[in-house]
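Visitor: Could you take me on a close look at how helices are built and packed here? I am new to this, so please go step by step.

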Amino acid sequence: MAPGTNGRVVQVEDTKICVVMVGLPARGKSYIAQKAQRYLQWLSIDAKTFNVGNYRRHDAPQPPAEFFDTSNADGERRRRVAAEAAINDMLGWFRQGGVIGILDATNSTKERRKWVYDLCTKEGIEVLFVESKCDNEELIMANIRDVKTTSPDYKGQDPEKAALDFRNRIKNYEKVYKSIDADGDENEYTYLKIMNVGAQVIINRIQDYLQSRVVYYLMNLHIRPRSVWLSRHGESLYNLYGRIGGDADLSPRGHQYAKKLPELVRQSVGDDRPLTVWTSTLKRTIQTARFLPENYNQLQWKALDELDAGVCDGMTYQEIKDVYPEDFVARDEDKYNYRYRGGESYRDVVIRLEPIIMELERSEDILIVTHQAILRCIYAYFMKKDQSRSPWMNVPLHCLIKLTPRAYGTDEERYQADIPAVSTWRGKGSTAKHEDPIPESNLGYTPTAAVH
Amino acid sequence: MDTLLTADIAANAPRYRRKSSTFIDGIHDVPEDGNRAPAQLYSTMSGRLFHSGRIAIVMVGLPARGKTLGVKTRIFHLGDYRRATVGQGGHVPEDYFYPNASPSSVVLRQKILKKCREDIYGWLNHENGQVAIYDAVNPTASGRRSLAKEFAKHDVQFANMDPDEAAKLYLTRMETKIPTFETMDEKELNYIKMINAGQKFFYNNVSFNYLSHRIVFYLTNTHIKSRATFFVRPGTATEEESYKADPPLSEEGEKYARVMTETVIKHREQERAARIAEGGSDVPLRPLTVWCSTRMRTMQTADVFKELGYKVRQRSQMAQINPGVCERLSERAIRRLYPEEVEKHELDPYHHRYPRAESYHDLAVRLEPIILELEREQNDLLIIAHESVLRVLYAYLMHCSTMDIPNLKFPRNEIIEVIPGAYQNDAKRIHIPGLDPKTVPGSPEDIRIPVPDSDVTTPAPLPGGGLSAPAVPPTAEKPPERVVNTAAEAVRDKITDED
């Protein structure tokens with residue numbers, strides 16, 4: 001049969017989506033945009049944000065509120081120019097193979113939305129509008145104080161004045177703002193409307209799987225304060241012998257760490273609120289978590305099991321190099337993509353961790369006791385680390401990491417248990433059983449916040 | 001009052017409940033809790049998912065099916081209770097459906113209502129149910145509020161659904177209620193409004209938990225479309241016994257890949273020709289997308305399609321079930337080395353996980369994203385995967401009991417085609433001609449683990465499901481039906497004289 005009869009209509013990989021943010025300033029649009037971009041990039045889906053504000057700033061670095069008045073013809077024209085520049089760049093990026101472009105701007109009028117919609121549709125790009133609507137004054141003011149007064153628009157200005165100016169700027173947008181499909185005549189668009197940070201959600205005309213994934217992810221986001229604690233299991237017998245994988249018991253020092261962990265956690269949490277503990281299904285993480293207080297709910301996830309080394313499971317690196325010399329070299333050349341024979345790659349692990357990340361975004365305080373490769377992937381998600389570097393990251397044993405997501409970026413603290421353990425970090429090309437990590441392997445972390 | 005007395009007795013008799021709605025999907029009726037393996041969508045000791053509390057989905061008469069990946073779900077149709085109560089041949093008082101009915105009708109209505117709700121609580125509280133779907137009209141705001149309050153007393157989460165579309169099907173009955181039908185906008189309740197069969201969703205979400213979110217995600221991904229899904233196995237490999245080695249296709253395997261590809265393509269063309277012959281319009285075939293796993297032999301089997309210009313996608317989640325310590329072990333050896341595990345496995349072959357292995361439930365959980373994407377896919381789909389993966393995907397589409405999943409058979413010389421229907425899917429088996437009978441049976445690729453005896457000789461569908469799982473037709477070249485079991489039988493009496 002000729003390939004032609006196979007037909008070529010919708011293919012998931014051919015999908016291109018423009019996520020168009022909608023909403024007044026200080027509604028967390030940029031927060032949503034950067035979260036979505038990070039999540040997609042972590043999943044190796046090519047995503048990029050185009051912030052119209054950044055384009056406008058080239059032209060008008062610190063404009064007063066009047067600039068945003070719709071009756072100000074000059075301001076109006078310059079803002080339109082900025083939007084056009086952003087969209088042109090985005091369309092160019094799509095032509096070079098971009099998959100999900102995020103247009104971060106207010107897009108607060110029907111005309112503007114139709115303009116964006118038509119431009120994208122003409123190029124075969126699907127449009128997903130994401131509106132963040134908020135009428136809770138407290139939330140808005142908190143957002144203005146936290147984020148906007150530190151924005152480049154107000155650099156070097158009095159924060160109180162800046163907040164006031166920003167409030168006035170919003171008023172100018174409010175004059176023309178029209179919530180999406182508020183009149184019922186934008187019903188043909190695919191959109192997601194989130195009201196008051198998830199109290200109500202409307203989803204309209206989701207077309208394909210990729211869109212539904214983005215929508216589902218965004219629905220899981222919340223802004224309640226919380227932290228995520230990460231720990232590797234205590235030192236295992238395989239760690240001592242320099243063997244990878246397996247399902248070994250803890251070493252005596254590993255058991256010491258397990259005993260010390262509750263105290264370390266309490267010190268880091270600061271109060272008596274209970275955490276939810278997630279472990280893998282392997283003995284070493286379950287043993288590590290076994291002394292945690294009884295009011296901590298403990299859950300085991302198969303998806304948190306260590307990267308499967310396939311035929312190399314249970315070997316030392318020297319043995320791998322001897323038995324599979326080509327594999328040993330291939331892995332060091334591209335550690336993220338190398339898949340062990342009959343096993344997994346880091347990329348495979350990220351795919352299986354996706355439900356975990358979804359659940360983490362939805363949850364509040366969680367303590368995860370898991371394995372080196374898994375921790376590297378979760379850490380890379382929160383700390384925005386690059387795929388080429390995160391598989392080489394040093395994650396020391398007997399150390400508790402606390403991550404606290406903020407509006408822009410994530411805070412990190414580390415707590416050392418002061419129980420010696422072998423190093424399981426390995427440099428490129430090395431077959432050493434235990435090797436001292438080089439400073440670069442800390443991926444920029446400087447242990448200033450460490451508590452001893 | 002005589003009617004009511006009889007009604008009570010009738011409503012108390014469980015056999016009046018609809019079969020499809022009372023069937024417990026096997027997993028949760030296992031006698032021993034023994035070695036339940038928990039993970040994200042796992043049943044716990046109680047038989048419930050530990051991430052979630054209990055959820056009552058209250059909906060307007062949609063014939064939904066509770067096939068959420070082994071989550072203990074049951075549908076309670078108020079209408080069934082009404083029919084059971086009134087009994088066959090008995091008649092419903094004329095004013096039964098009217099808002100201002102006569103006192104006797106109101107009493108009857110409340111009685112039926114009470115019975116149905118008591119059953120829900122009983123099931124959630126004493127039978128470890130997790131998701132109860134309460135299928136009734138629930139038209140008034142005050143009624144829904146009091147329902148939520150009532151559920152709250154029983155520590156049940158309340159998720160409300162309002163599929164307007166489905167409601168239209170009930171229009172004749174609805175007419176009488178329309179005057180009192182208030183659309184849902186009670187701010188304090190959790191509810192989902194689904195408008196025009198999934199075109200628009202409206203969530204009012206106060207405290208949705210993990211499972212509620214999964215249900216929501218699932219609902220946004222379902223669509224009604226008549227595209228076919230084909231299941232085939234990969235060709236045989238050079239080293240059949242090993243999971244870890246991930247061996248390439250053998251010569252025979254390569255031959256199989258070619259013949260299988262030809263058969264699929266021919267079959268699709270024939271179906272199209274038949275449609276046209278029956279007077280159907282000459283529409284071009286829907287495009288065919290091929291999914292394979294990242295295991296060597298499935299990728300190589302898909303290569304033939306790739307060369308022909310078909311879209312082939314690799315999905316790492318579709319790798320076969322991990323045999324863990326059972327890798328390369330004979331059944332005898334497994335019995336000798338892990339006697340306790342074998343015992344646990346026989347009690348619950350669906351949930352039990354051998355050391356470092358995956359259970360079928362692990363596999364189902366791992367395949368969940370695939371299932372969602374499958375629901376979304378618009379093209380025809382050919383899935384080339386290991387038998388263990390086909391079992392789970394097939395069981396999902398055909399609504400088989402989870403207890404039967406480990407026993408489903410997919411001989412290599414057959415292509416399974418699943419055609420979606422309005423209420424249930426239909427399956428067709430297409431023979432692949434000219435294969436060496438040696439390559440057909442599924443057992444060599446399997447984990448060599450004993451499957452316990454059961455009365456089921458061919459995998460049975462759900463009672464009321466009405467459709468059968470693949471049964472092995474009695475042709476000469478087919479292997480005996482229960483290869484694995486025969487082996488188990490043979491070994492059973494010899495275990496004592498094991499060295």
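Guide: Here is a walk through one helix, two helix pairs and a few unusual backbone angles. Please keep in mind that this is a predicted model.

Let's begin with helix 14 of chain A, which covers residues 372-383. You can check its length yourself: at 1.5 Å a residue, its 12 residues should span 16 Å, and its end C-alpha atoms are 16 Å apart, so the two values agree. This helix is mostly covered, with 12 of its 12 residues buried. Among them are A:I374, A:L375, A:I378 and A:F382, but also A:Q372 and A:R376. Just after helix 14 of chain A comes A:K384, with a positive phi near 55°.

Why look twice at a positive phi? Most residues other than glycine have a negative phi. Chain A offers further examples. A:D181, not a glycine, has a positive phi of about 60°. You will find A:D181 in the loop between helix 6 (159-176) and strand 5 (190-195) of chain A. A:D418 is not a glycine either, and its phi is positive at about 55°; this residue sits in the segment after strand 12 (410-416) of chain A. Their surroundings are worth noting: A:D181 counts as buried because its relative accessibility is 10%, while A:D418, at 53%, counts as exposed.

Now for packing. Two packed helices are described by the angle between their axes and the distance between the axes. In chain A, helix 3 (residues 73-95) and helix 4 (residues 110-122) pack at an angle of about 25°, their axes 11 Å apart. That angle is under 35 degrees, so helix 3 of chain A is roughly parallel to helix 4 of chain A. The crossing of these two helices is right-handed. Where do they touch? From helix 3 of chain A come A:R80, A:A83, A:E84, A:I87 and A:M90, which meet A:R112, A:W115, A:V116, A:L119 and A:C120 of helix 4. Sorted by class, the contact has 7 nonpolar, no polar and 3 charged residues.

Finally, turn to chain B, where helix 14 (residues 368-376) and helix 15 (residues 387-398) pack at about 50°, with axes 11 Å apart. With that angle, helix 14 of chain B is oblique to helix 15 of chain B. This pair also makes a right-handed crossing. Here B:I370, B:I371, B:L374 and B:E375 in helix 14 of chain B meet B:L393, B:Y396 and B:L397 in helix 15. That contact is made of 6 nonpolar, no polar and 1 charged residues.

How values were computed. Residues are numbered from 1 along each chain as its sequence is written. Chains are lettered from A and ligands numbered from 1 in the order in which they are written. This is a predicted model: local features need pLDDT of at least 70, side-chain atom pairs count only at pLDDT 80 or more; totals for chains, interfaces and linings use all residues. Side-chain values use heavy atoms; hydrogens and water are left out. Helices (H or I, at least four residues) and strands (E, at least two) are DSSP runs, numbered from the N terminus. The expected span of a helix is 1.5 Å times one less than its number of residues. Buried means under 20% relative accessible area, exposed over 50%, partly exposed in between (1.4 Å probe, protein chains only). Axes are lines fitted to C-alpha atoms, for helices over the stretch in contact, and angles run from 0 to 180 degrees between N-to-C directions. Angles under 35 degrees count as roughly parallel, over 145 as roughly antiparallel, 65 to 115 as roughly perpendicular and the rest as oblique. A crossing is left-handed if the near helix is turned anticlockwise from the far one by less than a right angle, and right-handed if clockwise. Contact means heavy atoms within 4.5 Å. Ala, Val, Leu, Ile, Met, Phe, Trp, Tyr, Cys and Pro count as nonpolar, Asp, Glu, Lys and Arg as charged, and the others, Gly among them, as polar.
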